[in-house]
Amino acid sequence: MTPPDDTGAGARPGRAPGARRLTGHRLFWPAAVLATLLLGNVALTHDFFAVRVQNGHLYGSLIDILQFGAPLILVSLGMTLVIATRGIDLSVGSTVAIAGALACEHIATAEDPGSLSTLTTAIALAVGVAAAIGLLNGLLVARLGVQPIVATLVLMVAGRGVAQLITDGQIISVSSAAYKMIGGGYWLTLPFAVLLAAALVAVTSLVTRRTALGMLIESVGGNPVASRLVGIRAAGLLVTVYVLSAVCAAVAGLMISSNVSSADGNNAGLWIELDAILAVVIGGTALTGGRFSLGGTVLGALVIQTLSTTIYTLGVPPETTLVFKALVVIVVCLVQSPVFRARLSRRRRTAAPEPAAGAGDLTARRQEVHP
Amino acid sequence: MTAPPTPRTPTPAGRPVLEARGIRKAFPGVLALDGVDLRLFPGEVHALMGENGAGKSTLIKVLTGVHPPDAGTVSVDGGPRRFAQPLEAQHAGISTVYQEVNLCPNLSVAENILVGREPRRFGLVHWKALHRRAARLITELELDLDVRMPLSAHSLAVQQLVAIVRAVDVQAKVLVLDEPTSSLDRDEVAQLFALVRRLRDRGVAILFVTHFLDQVFDLCDRVTVLRNGRLEGEYRIDELTPVTLVHHMVGSELSTLDELAETSRPGTAAAPETAGTPFLSARGLTRAGSIEPYDLDIHRGEVIGLAGLLGSGRTEAARLLFGADHADGGELRIHGERAVLRSPRTAIAHKIAFCSENRKAEGLIGELTVRENIVLALQAARGWTRPLSRARQDEIAARWTEVLDIRPADPEAQVRNLSGGNQQKVLLARWLLTDPELLILDEPTRGIDIGAKTEIQRLVGRLAAEGTAVLFISAELEEVLRLSHRVGVLRDHRLVATLPNDTTLTPDRILGAIATGATS
Amino acid sequence: MAHRALRVIAAAALAAGALTACTTEPAPTGTAGGTGKGSSDGTLVLGFAQVGAESGWRTANTKSVREAAEKAGITLKFSDAQQKQENQIKAIRTFIQQKVDVIAFSPVVESGWDTVLKEAKNAGIPVILTDRAVDSQDTSLYQTFLGSDFVKEGQEAGKWLVKEYEGTSDPVNVVELQGTTGSAPANDRKAGFAEVVKGDPKFKVVASQTGDFTRAKGKEVMQAFLKSHEDIDVLYAHNDDMALGAIQAIEEAGKKPGTDIKVISVDGIKDAFVAMQEKKINVVVECNPLLGDQLMELAKKVAAGESVPRRVEVKEGVFTQDQAAAALPGRQY
């Protein structure tokens with residue numbers, strides 16, 4: 001009973017075919033929402049778009065959005081692939097905390113905190129443990145048939161406890177310039193975190209679209225029964241996406257802890273899984289699996305981060321912040337919903353006089369037989 | 001299709017109960033309907049005919065409020081209506097039974113019939129009344145069903161009947177039946193027709209969509225024919241013959257007509273070489289609860305038909321040969337060597353292909369494109385690390401779209417927007433691309449139009465001639481006889497006979513085997 | 001699509017609650033587990049329901065309570081609520097069943113305690129609140145409140161600011177990083193500060209936003225403040241972690257924390273003293289978690305039926321840069 005996604009777009013009077021093609025593009029609505037938010041900011045803060053060079057790197061609100069959005073982009077990236085397989089990964093927030101905690105703990109207790117080898121070990125440790133977490137999630141889902149929401153819930157809850165155990169409930173501060181680079185450093189005047197996120201997005205989209213991985217993931221998510229009958233090894237794919245998701249979360253965790261040079265087992269990545277799911281949905285990937293859009297997810301994550309920044313610059317009182325966020329998100333979801341748009345335009349159309357459509361077709365009838 | 005026009009009630013006069021004018025409907029990449037008209041009068045059975053992709057299903061969805069039309073009007077009792085959703089159409093007295101059963105398998109028969117309008121007492125569901133009312137409706141239909149059983153306990157055919165009972169219970173002025181008979185056996189069809197006639201006599205207007213010509217001549221009063229999304233014409237059945245009706249449907253494609261006229265079965269074609277090691281050999285292959293142990297040899301170039309009633313174990317037998325289900329007893333040899341099919345993947349590696357009867361649920365990935373659906377099996381076999389290049393995919397998709405005449409000829413169209421016959425062709429293309437040595441076709445022609453059906457039948461013959469083994473499952477005995485070298489007959493989850501298709505094999509003999517289990 | 005998402009999220013939240021709930025049955029950590037009134041050997045039994053282990057401050061608080069109990073010879077039954085009220089209520093009920101002598105707890109939130117506290121009262125078990133208050137009308141439900149006065153902390157911060165800018169009449173632009181919205185320390189530290197600075201029109205709070213008491217959020221919000229407000233003179237952060245995050249943001253904006261932008265913070269964790277020594281923080285108003293000894297003393301008194309003041313304040317100080325170096329080695333948290 002699902003109507004084709006572009007219900008009613010076929011005969012909207014008075015709209016050029018070019019415009020229709022534009023609004024029909026899957027990235028149109030997330031991009032439009034992002035543009036609206038950014039323009040709204042410019043209207044309120046005139047130098048919002050201003051980017052200048054300071055201390056040898058770019059400096060401005062846009063740069064902030066990118067930098068703080070980078071971890072969310074990464075988490076959402078992995079989440080997109082998981083959701084495309086009809087799954088969901090609730091454990092990413094805990095993975096963020098564990099990765100940051102492991103890396104900082106390692107660096108803080110190392111003999112030579114500043115050295116490159118310490119850094120490499122710290123990163124390898126964090127990513128390795130995250131991969132193990134992803135493997136566990138993937139095996140629970142693919143081999144034991146546990147529902148993804150349940151399988152990953154286990155680590156969502158327990159994982160934060162693990163992170164607290166690693167940090168002993170404390171906030172671990174580290175002073176390693178090399179580690180600071182990951183989330184807070186700059187390279188070629190740009191925040192390194194942004195470059196890292198961009199690189200990972202590029203690699204992921206190359207791997208999914210240049211190999212058959214993307215198509216097979218969409219197939220498994222779109223119709224698991226048919227995918228089995230067509231000979232796709234779904235188990236391997238599922239494990240792969242959960243591992244990828246956890247690794248993305250780990251890199252995000254490194255970024256978040258590196259940015260403030262400290263690991264906070266309690267608060268790092270708290271609720272980021274929900275923001276990531278929202279980013280994926282805003283980006284136009286359905287929670288029911290199947291077709292996914294990495295570009296849309298990046299836009300979705302940027303929408304969420306821009307919204308946060310907007311709240312800070314706008315001076316929305318903290319008591320009403322959540323209401324404000326909720327309203328924007330509701331509007332975004334409504335605008336994205338084809339059903340809602342169709343209903344809106346139908347209302348507009350019925351208000352206008354009914355077009356005398358089809359009248360000319362009567363003469364085209366051949367062999368009309370009146371009973 | 002040679003059924004003589006039966007005497008019928010006088011064609012209804014007066015105002016149409018349902019009228020559509022100038023309906024236009026487009027989906028991304030497909031203009032499904034372009035200025036179509038339809039009139040339904042009270043007390044008539046009206047056939048809606050057309051080839052696959054002609055727009056029959058879309059028109060029904062517009063009439064029943066599933067899709068709003070892009071242009072045109074739908075009137076009920078003379079008043080223009082705009083249905084935003086199916087429920088509104090239902091309230092206006094238009095009930096629909098779709099081709100694919102849309103019920104809840106885990107609810108009981110009674111709940112399925114009355115869901116949404118359960119009798120209530122003190123605000124709670126009055127279960128006793130619910131079961132009583134459902135049972136009464138079932139009896140009216142002369143069916144024998146326990147209404148408390150979950151729907152999933154019944155065969156697809158019975159589920160279809162339940163869907164009809166559900167639609168009938170709504171006080172309908174118009175009953176739309178979309179391919180209701182494609183999964184019913186003869187007795188069930190007769191049962192259904194009896195009910196349809198009773199409803200007609202009560203003044204209900206029935207819109208009947210089917211591919212079976214003889215059913216149209218048996219049951220209907222008038223017919224509206226669509227072609228390529230346009231109205232071809234509206235006719236009285238008694239003014240038509242099967243041949244002229246087909247002519248209206250397919251237009252100038254007279255070669256197809258010739259083939260249809262040829263009613264003799266070509267089962268006497270040169271038999272393949274059956275000496276030596278068969279491609280596949282099953283001995284005592286079984287799965288508890290789904291199919292009794294059976295033996296079957298399939299040679300290269302051989303077409304084996306599987307006949308039997310719905311639920312007789314035809315599909316279940318085939319699924320074991322594809323590893324879709326695990327056999328829990330017996331032995332399977334491929335090229336004479338023992339093989340254990342753990343999964344479809346293993347079977348595919350042995351060059352076996354399987355087109356499921358359930359295209360939507362088990363075959364296609366609806367939101368992927370035609371191109372992606374076609375290359376999927378080949379790509380799955382290669383693994384994700386060895387992708388087919390986009391150029392290669394485009395070339396494959398273009399070639400198969402042309403070879404099988406898939407319409408629209410747009411490899412980038414979403415496959416769920418295609419009509420049933422074209423979807424079937426996409427599935428065929430997918431498997432032919434893997435160059436299978438055994439092709440298992442489960443009801444490949446069900447619910448698709450005559451043109452596509454003939455093409456698929458011809459394709460089966462050609463594949464066999466080229467050395468492919470084919471296992472052909474169909475409820476239509478004529479079709480099985482026309483194509484097969486040997487016919488396996490199933491009855492109550494048991495392969496009761498494997499009959500060579502010589503001149504002595506007739507539909508009656510097969511029916512006898514199905515009915516009694518005896519082969520004489 | 002959206003409502004499906006909400007359903008999933010709601011389900012996840014519910015399940016998360018359920019899971020955490022079952023992992024937090026209070027586990028007695030004391031040695032004696034007496035079932036009668038008090039333990040069999042006559043030592044005092046104290047049930048302590050902690051908020052969680054959400055920060056270094058809290059961990060130091062827990063440690064202090066544990067150590068003080070041991071030192072005072074009091075049997076401690078300790079429960080960690082993982083920042084959930086329902087866990088804490090469950091823990092208190094368990095204490096009542098176990099018939100402990102005194103119950104002490106740091107309420108996760110301010111409201112919703114009347115029922116369970118009445119149960120304790122009916123069972124004749126005195127209750128001591130530590131660190132955070134409850135907003136109950138019925139003051140007979142607890143004996144005393146031992147903890148910091150957050151309003152006073154805010155006032156101290158404000159007083160320092162007024163003194164610092166004595167003698168000038170130039171406008172002073174202040175930005176404020178609030179704690180978690182709705183929490184008592186955030187509300188009170190904001191109110192106390194505002195009360196003091198509103199007396200002088202030259203002080204202007206140009207932006208105030210929550211930083212959730214975390215470094216990451218503190219940095220993120222400060223970075224946005226720096227973009228939208230050109231001329232920030234003072235930062236007032238409700239805790240040290242947010243101040244430490246914000247300092248990084250100030251440095252990245254090319255300004256010197258402590259000089260270009262003066263930094264006022266609350267809590268007094270070790271890292272803050274290090275930053276103060278480096279002249280990046282100007283002043284820290286202490287919020288002392290080491291209330292274990294005071295708590296044990298009060299517990300003994302209420303168990304013996306002695307009268308205690310309704311409000312006992314933890315010993316706290318205000319530290320400036322010149323005191324930082326001297327105080328640093330003694331910081332325990």
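**Exercise 1. Describe the area buried between chain A and chain C, and the residues that make the contact.**

Step 1. In this predicted model, about 3700 Å² is buried between chain A and chain C, and carbon and sulfur atoms give 61% of that area; buried area here is the accessible area, found with a 1.4 Å probe, that two parts lose on being put together, summed over both.

Step 2. Chain A brings 48 residues to the contact and chain C brings 42 residues, where contact means heavy atoms within 4.5 Å.

Step 3. Before going further, note the conventions: residues are numbered from 1 along each chain as its sequence is written, while chains are lettered from A and ligands numbered from 1 in the order in which they are written. Local features need pLDDT of at least 70 and side-chain atom pairs count only at pLDDT 80 or more, whereas totals for chains, interfaces and linings use all residues, and side-chain values use heavy atoms, with hydrogens and water left out.

**Exercise 2. Work out which polar and charged pairs cross the interface of chain A and chain C, and what the side of chain A consists of.**

Step 1. The rule finds two salt bridges across this interface, a salt bridge being a side-chain nitrogen of Lys or Arg within 4 Å of a carboxyl oxygen of Asp or Glu.

Step 2. K227(C) and D64(A) meet through their side chains in a salt bridge, at 2.6 Å from N to O.

Step 3. Across the interface of chain A and chain C there are also 10 residue pairs in polar contact, both residues at pLDDT 80 or more; a polar contact is a pair of N or O atoms within 3.5 Å, and within protein one must be able to donate a hydrogen and the other to accept it, with residues adjacent in sequence counting only if both atoms are side-chain atoms.

Step 4. On the side of chain A that touches chain C, helix α13 (residues 294–314) of chain A gives the most, with five residues; helices (H or I, at least four residues) and strands (E, at least two) are DSSP runs numbered from the N terminus.

Step 5. Sorted by class, that side of chain A has 20 nonpolar, 22 polar and six charged residues, with Ala, Val, Leu, Ile, Met, Phe, Trp, Tyr, Cys and Pro counted as nonpolar, Asp, Glu, Lys and Arg as charged, and the others, Gly among them, as polar.

**Exercise 3. For the salt bridge of D241(C) with R215(C), state where the partners lie and whether each is buried or exposed.**

Step 1. The closest N and O atoms of D241(C) and R215(C) are 3.1 Å apart.

Step 2. The pair links distant parts of the chain, since D241(C) belongs to helix α8 (residues 240–252) of chain C and R215(C) to helix α7 (residues 215–228) of chain C, 26 residues apart.

Step 3. D241(C) counts as buried at 7% relative accessibility, and R215(C) counts as buried at 6%, where buried means under 20% relative accessible area, exposed over 50% and partly exposed in between (1.4 Å probe, protein chains only).

**Exercise 4. Compare the accessibility of the two partners in the salt bridge of E218(A) with R209(A).**

Step 1. The closest N and O atoms of E218(A) and R209(A) are 3.0 Å apart.

Step 2. E218(A) counts as buried at 1% relative accessibility, whereas R209(A), with a relative accessible area of 43%, is partly exposed.
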